[in-house]
Amino acid sequence: ARMSSLHTNVSNAAMTQRLPNCIIIGVRKCGTRALLEFLSLHPSIVTAEDEMHFFNDDERYRMGLEWYRHHMPLSLPHQVTVEKTPGYFISPIAPRRIHRMNSTVKLVVLLRHPTTRTVSDYTQIFYNKQGKNESLDVFEDIAIDPDTGEVNTRYKAVQISMYHHHFRHWLDVFPRHQIHVVDGDRLITDPVSEIERIEDFLGVERRVNYDLLYYNQTRGFYCMRKNATVQKCLGASKGRKHPDIEPSVIRKLNRFFEPHNKQLFDLIRQWFPWS
Ligand code: A3P
């Protein structure tokens, strides 16, 4: 008994809040919440529940790294601390600030088919506005410029899906091998295969398997088995039904993104089945 209480004290003393050694930087609507929650099932990973918006928000950033660290979860020395803020991906200043914190930090980026991501982004904003009783135009009118009939590149959801524009800022600062790119579409259909790659990238054992994740027929998504009795799916805001979009508009978006996808694949030297 003496030994075990001594042991407990030692490990408690080693429990402290640490700056993240891994950051999920985006992309918004590509499965960032699902990934964070799934990773939190891992015994060697601890995750910050809230999006910190630390490196992309000047006011927060001025609070300093100690403020930031005090928002991180408790961890043991061998554990990896993970934070996720999807807004980092599109912030031109976040890469340098993160590099200044820790030049060897591991970065994770999720990508989805750019048209799917655009529609998902629209759907989220649609629901947010509906909640506030604000009206919102139909997707077709926002995504297509009425003057030219072409894709509206001033639409933020379209801009975010032009991934290479944003990715360049990260590769100006970090070597390619420090950024792991996740297939967010595959995270939906086969989460364990994507998580295994991340476990390898982080240098932790492969522990998240299909005992911990199960396909929930009603949700139409994978959910978590926290223990023998507790199961948890993501909230209702994740995995919403998308509106039916005119097929010609979808085709226009797909055609528009094609050269941008190609530029991305060349940039990151990784391919996705989007065409
Ligand atoms: P949709 O709501 O458009 O389907 P984020 O957390 O980055 O905002 O991403 C939200 C997306 O995560 C959802 O987009 C959904 O498709 C995807 N997702 C991936 N795995 C999921 C899961 N197990 N449960 C719910 N949503 C999941």
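## Ligand shell and local backbone features

Helix H2 (32-39), helix H6 (114-131), helix H10 (184-189) and strand E9 each contribute at least two residues to the shell around the ligand. The model discussed here is a predicted one. Among the four elements named, H2 gives the most to this shell, namely three residues. The ligand is surrounded by 18 residues, of which Thr32, Arg33, Ala34, Ser120 and Phe221 come nearest. Sorted by class, the shell has eight nonpolar, five polar and five charged residues.

**Domain record.** An unreviewed UniProt entry places the feature "domain: Sulfotransferase" at residues 21-263. Over residues 21-263, the chain is 40% helix and 15% strand, and the C-alpha atoms at the two ends are 29 Å apart.

**The sheet that includes E9.** Strand E9, a contributor to the ligand shell, belongs to an open sheet of three strands in the order E8-E9-E10, with antiparallel pairing. The edges of this sheet are strand E8 (213-216) and strand E10 (231-232), each of which pairs on one side only. In general, the strands of a sheet pair through backbone hydrogen bonds, in either a parallel or an antiparallel manner. E8 and E9 (residues 221-225) run antiparallel and are joined by four bridges. Two of the partnerships can be named: Tyr214 has Cys223 in E9 as its bridge partner, and Asn216 has Phe221 in E9. Phe221 is also one of the residues that come nearest to the ligand. The hairpin of E8 and E9 has four residues between the strands, and Gly220 in this hairpin takes a positive phi near 75°.

**The loop between E2 and H2.** What is unusual in the backbone of this loop? Most residues other than glycine have a negative phi, and most peptide bonds are trans. The peptide bond from Gly26 to Val27 is, however, cis, with omega near 0°; Val27 is found in the loop between E2 and H2. Lys29 is located in the loop between E2 and H2 as well, and has a positive phi of about 70° although it is not a glycine. A positive phi also occurs in Arg269, near 50°, again in a residue other than glycine. Arg269 lies in the segment after helix H12 (247-268).

**Burial of selected residues.** How many C-beta atoms surround Lys29, Leu36 and Arg269, and how is each residue classed? The table gives the values.

| Residue | Other C-beta atoms within 10 Å | Class |
|---|---|---|
| Lys29 | 24 C-beta atoms | buried |
| Leu36 | 19 C-beta atoms | partly exposed |
| Arg269 | 8 C-beta atoms | exposed |

The cut-off for a buried residue is 20 or more such atoms; Leu36, with 19 C-beta neighbours inside 10 Å, therefore counts as partly exposed. Leu36 is in helix H2. Beyond residues up to four places away in sequence, Leu36 touches Ile24, Thr47, Val82 and Lys84. Leu36 and Val230 are 194 residues apart in sequence, whereas their C-alpha atoms are 18 Å apart in space.

**Helix H5.** In helix H5 (residues 94-101), Ala94, Pro95 and Ile98 are buried. Viewed down the axis of H5, these buried residues fall within an arc of 100°, so they line one face of the helix. The elements that cover the buried residues of H5 include strand E2 (22-26) and helix H9 (163-171).

Definitions and conventions:
Residues numbered from 1 in each chain as written. Predicted model: local features only at pLDDT ≥ 70, side-chain atom pairs only at ≥ 80, totals over all residues. Pairing = 2+ DSSP bridges. Near = placed C-beta within 6 Å. Nonpolar A, V, L, I, M, F, W, Y, C, P; charged D, E, K, R; others polar. UniProt positions renumbered as here; feature names shortened; annotations may be inferred. Buried ≥ 20, exposed ≤ 12 C-beta atoms within 10 Å, placed from the backbone. Arc of directions from axis to C-beta. Contact = placed C-beta atoms within 7 Å.
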